[in-house]
Amino acid sequence: MDSLIIDQSEEQQKTRPGNIYDAFVKNIFGRILVFIDFLLYYADPQFVSNIEISKIDPAPTHYIGLTGDERITDLVFSCPLKNGTAQTRAIIVFEHIGDSLSELPIKLHSYASAIWKTEHKEGKELSALYFIVLRAGEKSLCGHYATLADLLPKDKNGQPIGIVPEIKYDVVDLPEIDLDQLRGSPVLRIGMGVLKKMTEGLEDEFAQALLPLLEIADEKQQTTITKEILDFASKVFAARNKRLRDEDIEKSLQPIFKERTKNMITTIFEEKYLEGE
């Protein structure tokens, strides 16, 4: 069984910068079916062709060092390979701060080291690793993705000195994708669409990203997803010194739930009240 050490209090995690967005991504993409859908539509087809999709499971995060202060904070999934008992681990790395990925190479090396070190210590075969970055922000990257070589000393020809152990990664850059170009299941498109609107500073337009709710036939799932979206939206609004007003919520939900809108809002907020009690 994989090692898992928890040494950060819940309160410390709540106050971590960007926690609102991180928690939302984990809620949406932590669902195995949503994660699988993300892989099928956005990951490298060659990677996907080598794994047993039906056997994907969440994998515990690992720690680096004795103090556990360099934790893998992103989503990690175990993906058995088709050709035997060996494993690969697919990691969604969520980035939403800054206009570049300059710090990403160091993070990926730390993640790889943590996973392989733990597996080696436990006498396991080392996993093949696949990193896919889900990036949200105000504008797209437009070009070069950061490499470790960018951070290392260069010779007179501008080439990095010494051996550079690069770790490759794929990027899904949300600012480059229009809402109508999002692919996958309704839940995946809702999550990516809302994330796109919120991180681009278009929180007042997030209702547009809710339209895939129309495709969800199960009313219980509709309610659950809607509640998660509204909870996320209200926290983002609050972080920007704004308030998600009742009339705005009703206006956002009306195109989806129509005559059921008021009942839906009542159901959601009654549940939140009961949770508080």
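**Exercise 1. Work out how strand 1 and strand 4 are paired, and what stands opposite Pro58.**

Start with the bridges: strand 1 and strand 4 (residues 75–80) are joined by two of them, and the strands run antiparallel. This is a predicted model, by the way. Next, look for the facing residue: Pro58 has Phe77 of strand 4 opposite.

**Exercise 2. Place these strands in their sheet and find its edges.**

Step one is the strand order. The sheet is open, has five strands and reads 1-4-5-6-7, with mixed pairing. Step two is the edges: strand 1 (57–58) and strand 7 (170–173) each have a single partner strand, so one side of each has no neighbour in the sheet.

Step three moves to the other pairing of strand 4. Six bridges link strand 4 to strand 5, and this pair is antiparallel. Here Ser78 sits opposite Arg89 of strand 5.

Last, add a helix. Helix 5 (residues 104–121) lies across strand 5 (87–95) and strand 6 (128–135), and runs at about 150° to strand 5.

**Exercise 3. Decide which faces of strand 4 are covered.**

First count the residues: six of the six in strand 4 are buried. Then split them by side. Leu75, Phe77 and Cys79 are on one side, Val76, Ser78 and Pro80 are on the other, and all are buried. Both faces are therefore covered.

**Exercise 4. Classify Thr88 as buried or exposed, then list what surrounds it.**

Thr88 belongs to strand 5. Its relative accessibility is 2%; the cut-off for buried is under 20%, so Thr88 counts as buried.

Now check for a polar partner. A polar atom of the Thr88 side chain lies 2.5 Å from the backbone oxygen of Ala128.

Finally, collect the contacts, skipping neighbours within four places in sequence. Thr88 is in contact with Phe47, Ile51, Phe77, Ser78, Cys79, Leu81, Ser127, Ala128, Leu129 and Tyr130. Of these, Phe77, Ser78 and Cys79 were met above as buried residues of strand 4.

**Exercise 5. Do the same for Phe29, and find how far it is from Met192.**

Begin with the location: Phe29 is in helix 2 (residues 19–29). With a relative accessible area of 1%, Phe29 is buried.

Then list its contacts, leaving out residues up to four places away in sequence. Phe29 touches Val34, Phe35, Phe38, Leu75, Phe77, Ile92, Leu134, Leu188 and Met192. Two names on that list, Leu75 and Phe77, lie on one side of strand 4.

To finish, compare sequence with space. Phe29 and Met192 are 163 residues apart along the chain, yet their C-alpha atoms are 9.6 Å apart.

**Exercise 6. Set Val164 against the buried cases: how accessible is it, and what does it touch?**

Val164 sits in the loop between strand 6 and strand 7. A relative accessible area of 24% makes Val164 partly exposed, since buried would need a value under 20%.

For contacts, again ignore residues up to four places away in sequence: Val164 touches Leu148, Ala149 and Leu152. As for distance, the C-alpha atoms of Val164 and Thr147 are 9.5 Å apart, with their positions 17 residues apart along the chain.

**Exercise 7. Check the length of helix 7, then inspect what happens at its start and just after it.**

Do the length first. Helix 7 (residues 219–239) has 21 residues, and at 1.5 Å a residue it should span 30 Å. The C-alpha atoms at its ends are 30 Å apart, so the two agree.

At the start, a side-chain oxygen of Asp218 comes within 2.9 Å of the backbone nitrogen of Lys220. Along the helix, the buried residues include Ile225, Ile229, Leu230, Phe232, Val236 and Phe237, as well as Lys227 and Glu228.

Just after the helix comes Asn241, with a positive phi of about 60°, although it is not a glycine. Asn241 is in the loop between helix 7 and helix 8 (246–257). At 74% relative accessibility, Asn241 counts as exposed.

**Exercise 8. Zoom out and summarise the protein chain.**

Tally the elements: nine helices and seven strands. For burial, take the 277 residues of the chain; 44% are buried. For surface, about 15,300 Å² is exposed, with carbon and sulfur atoms supplying 52% of it.

For contact range, take contacts between residues at least 6 apart in sequence: 67% of them join residues at least 24 apart.

Note on methods:
Residues numbered from 1 in each chain as written. Predicted model: local features only at pLDDT ≥ 70, side-chain atom pairs only at ≥ 80, totals over all residues. Heavy atoms only, no water. Helix = DSSP H or I, 4+ residues; strand = E, 2+ residues; numbered from the N terminus. Expected span 1.5 Å × (residues − 1). Buried < 20%, exposed > 50% of the residue type's maximum accessible area, 1.4 Å probe, protein only. Polar contact = N/O pair within 3.5 Å; in protein donor to acceptor, adjacent residues only side chain to side chain. Contact = heavy atoms within 4.5 Å. Areas by Shrake-Rupley, 256 points an atom, 1.4 Å probe, with all protein chains shown as cover. Pairing = 2+ DSSP bridges. Axes fitted to C-alpha atoms, helices over the stretch in contact; angles between N-to-C directions.
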